[in-house]
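Visitor: I have a model on the screen and would enjoy a guided look at it. Could we take it step by step?

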Amino acid sequence: MSEPHITVVGLGSGDADQMTLGVWRRLQQAARVYVRTEQHPAITLLKEHQLAYTSFDSVYEQHDTFPEVYEAIAATLLLGAQSSQGEVVYAVPGHPMVAERTVQLLRERCTDAGVQLDIIGGESFLDQAFIRLGIDPIEGFALLDAAELQPAMLQPRVHTIIGQIYDAFTASDVKLALMERYPDDFEVVIGHALGVAGEEQIIRVPLYELDRTPGFGNLSLLFVPRTTEDAVLNRSFDRLHEIVTILRSPEGCPWDREQTHSSIRKNFIEELYEALEAIDNDDPDGMREEFGDVILQVMLHSQMEEETGAFTVYDVIETLNEKLLFRHPHVFGASSATDADEALGNWEQMKAEEKERNGTAASRQSQLDGIPPDLPALLKAYKLQKKAAKVGFDWDDLGPVLDKIQEELSELREAIASKDELEQVGELGDLLFAVVNAARFIHADPEEALTMTNRKFKSRFAYIEEQLRINNKTFDQTDLTEMDRWWEEAKRQ
């Protein structure tokens, strides 16, 4: 009794003329032939020679997803080979090793199932694509599956062929993914039945019309030509890294070359505050620009370190990705979090474990270590108090906190009465520190609270200026009583 045996053969990408002689002979000699689908031009040859075969087309109708279909086909083939104790020939469109998930499943499972697997190649749809679309893959080439397509997979500098576009719905998903990297009017090429006489269609369309073009089916693909257009490349992180590298190079910008970490340190802070202003103003266009300026600072500082061999910006990204994965076990691990508080608890726990693992926790001598020295004073006070509270140095409720504010206010009054300027500054600081503590107890960020009040003051003062303009007055021609009346009007509005 012979060993169970599956031979996978490729029918070629088009009509029977593209099938190899070796595959044709194997089909003629086979006792049992399965074909993944009858929807292929080469099947006509089997019918003309009255070769019996079993098609898996009905399996597609029995299952809701392609993975289920492929699992069912692989299971049927394995069972057929084992039960017959002989050879089963399985014919697939194109080349068996190009975009054939059923073949990959067989390669994974045949050995454990005691089934011998042989694969005989055939002309793939890529062969005809290279010929009919004029593609030289040595220029750079990527083959992608429409069902798995993500914007991160796209590489505009290389030719890209996207297969498995069976219908308009899939074409729509492909279009949306491509639009993340390419302009809406970027020209793409649709290929239907390439190399099949009388059926071939090559259609050039702007990207936005991709899913509005009829004719998608089993023999369809999409060709996205490689490009060096700025409109495309400028949407990639690699292009940003390339630009910054050039700017810092001997052939780059003299000003950029001269900068050091210290010389542009203040720029980092300024750009952050400009980004915060855009956020506070709910200004999407401003955010888009200012976020870019913040990223530029990261790129410049990283490039300086790349030039010394310390690290690159890709190391920065790797460290960040690893941190995000590690500190979110409720998303990427086995833990769970039902609300934001549990998620924050997971984050803090993993952060502590990370510091312990890296040895940074042991190097800190105080519970208050680890707070950046250049934080704004209100935010720094807030973080100092939070750290102290974690080890029990805190009041139990808000009452004593408010009493402390009253106490510090009284001491400030006394310092003012004493006319001791140094003491006044100290007592003012104590009062502000106590107010920050109250903010912490009511779960308010003191920086955000003061920012809101600043905006409110600016808006009401602008109302006073508007009233002066309406009344044809200047500040020299008014007094506090009149300005206070307008201030109250602004409050009511």
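Visitor: Let's begin with Asp282: does it count as buried or exposed?

Guide: Happy to start there, and please keep in mind that this is a predicted model. Asp282 sits in the loop between helix 11 and helix 12. Its relative accessibility is 59%, and the term for values over 50% applies, so Asp282 counts as exposed.

Visitor: What is the phi of Asp282, given that it is not a glycine?

Guide: Most residues other than glycine have a negative phi. Asp282 departs from that sign, with a positive phi of about 50°.

Visitor: Where is Ala193, which also has a positive phi without being a glycine, and is it buried or exposed?

Guide: Ala193 has a phi of about 50°, and its place is in the loop between strand 8 and strand 9. The relative accessibility of Ala193 is 7%, and the limit for the lowest class is under 20%, so Ala193 is buried.

Visitor: In what order do the five strands of the open sheet run?

Guide: Strands of a sheet pair through backbone hydrogen bonds, either parallel or antiparallel. In this open sheet the pairing is mixed, and the order of the five strands is 6-7-10-8-9.

Visitor: Which strands stand at the edges of that sheet?

Guide: An edge strand here has a single partner strand, so one side of it is left without a neighbour in the sheet. From one strand to the next, the twist averages 20°. The two at the edges are strand 6 (141–145) and strand 9 (201–206).

Visitor: In which sense does strand 6 pair with strand 7, and which residue is the bridge partner of Phe141?

Guide: Strand 6 and strand 7 (residues 159–163) are joined over five bridges, in the parallel sense. The bridge partner of Phe141 in strand 7 is His159.

Visitor: Which side chains of strand 6 point to one face and are buried?

Guide: The side chains alternate along strand 6. Phe141, Leu143 and Asp145 point to one face and are not buried. Those that point to the other face and are buried are Ala142 and Leu144.

Visitor: At the other edge, which residue of strand 9 stands opposite Gly191?

Guide: Strand 8 (residues 187–192) and strand 9 pair over six bridges, in the antiparallel sense. Opposite Gly191 in strand 9 stands Ile202.

Visitor: Which helix gives the most to the nonpolar patch on the surface?

Guide: The patch is formed by Ile269, Tyr273, Leu276, Ile279 and Phe291, which together have about 450 Å² of accessible area. One of them, Ile279, counts as partly exposed at 40% relative accessibility, and Ile279 is found in helix 11. With four residues, the helix that gives the most is helix 11 (residues 265–280).

Visitor: Which residues are in contact with Gln297, leaving aside its neighbours within four places in sequence?

Guide: Gln297 has its place in helix 12 (residues 284–308). Gln297 is buried, with a relative accessible area of 4%. Its contacts are Ile264, Asn267, Phe268 and Glu271.

Visitor: How many salt bridges does the count come to?

Guide: Side chains of opposite charge can pair when their charged atoms come close. Here the test is a side-chain nitrogen of Lys or Arg within 4 Å of a carboxyl oxygen of Asp or Glu. By that rule, the count is 20.

Visitor: How many residues apart in sequence are the parts that Arg109 and Glu71 tie together?

Guide: The closest N and O atoms of Arg109 and Glu71 are 2.8 Å apart, and the two form a salt bridge. Arg109 lies in helix 5 (residues 101–109) and Glu71 in helix 4, so the parts tied together are apart in sequence by 38 residues. Arg109 is partly exposed at 30%, and Glu71 is partly exposed at 34%. The separation asked for is 38 residues.

Visitor: Asp394 and Arg440 also meet in a salt bridge; is Arg440 buried or exposed?

Guide: The N to O distance in this pair is 2.7 Å. Asp394 lies in the loop between helix 17 (377–390) and helix 18 (398–418) and Arg440 in helix 19 (residues 421–441), so the pair ties together parts that are 46 residues apart in sequence. Asp394 counts as partly exposed at 30% relative accessibility. Arg440 has a relative accessible area of 13% and is buried.

Key
Residues are numbered from 1 along each chain as its sequence is written. This is a predicted model: local features need pLDDT of at least 70, side-chain atom pairs count only at pLDDT 80 or more; totals for chains, interfaces and linings use all residues. Side-chain values use heavy atoms; hydrogens and water are left out. Patches are made of residues with over 30% relative accessible area and no salt bridge: like charges are joined within 9 Å, nonpolar side chains (Val, Leu, Ile, Met, Phe, Trp, Tyr) within 5 Å. Accessible areas come from the Shrake-Rupley method with a 1.4 Å probe; for residues, only the protein chains shown count as cover. Buried means under 20% relative accessible area, exposed over 50%, partly exposed in between (1.4 Å probe, protein chains only). Two strands pair if DSSP finds at least two bridges between them. Axes are lines fitted to C-alpha atoms, for helices over the stretch in contact, and angles run from 0 to 180 degrees between N-to-C directions. Contact means heavy atoms within 4.5 Å.
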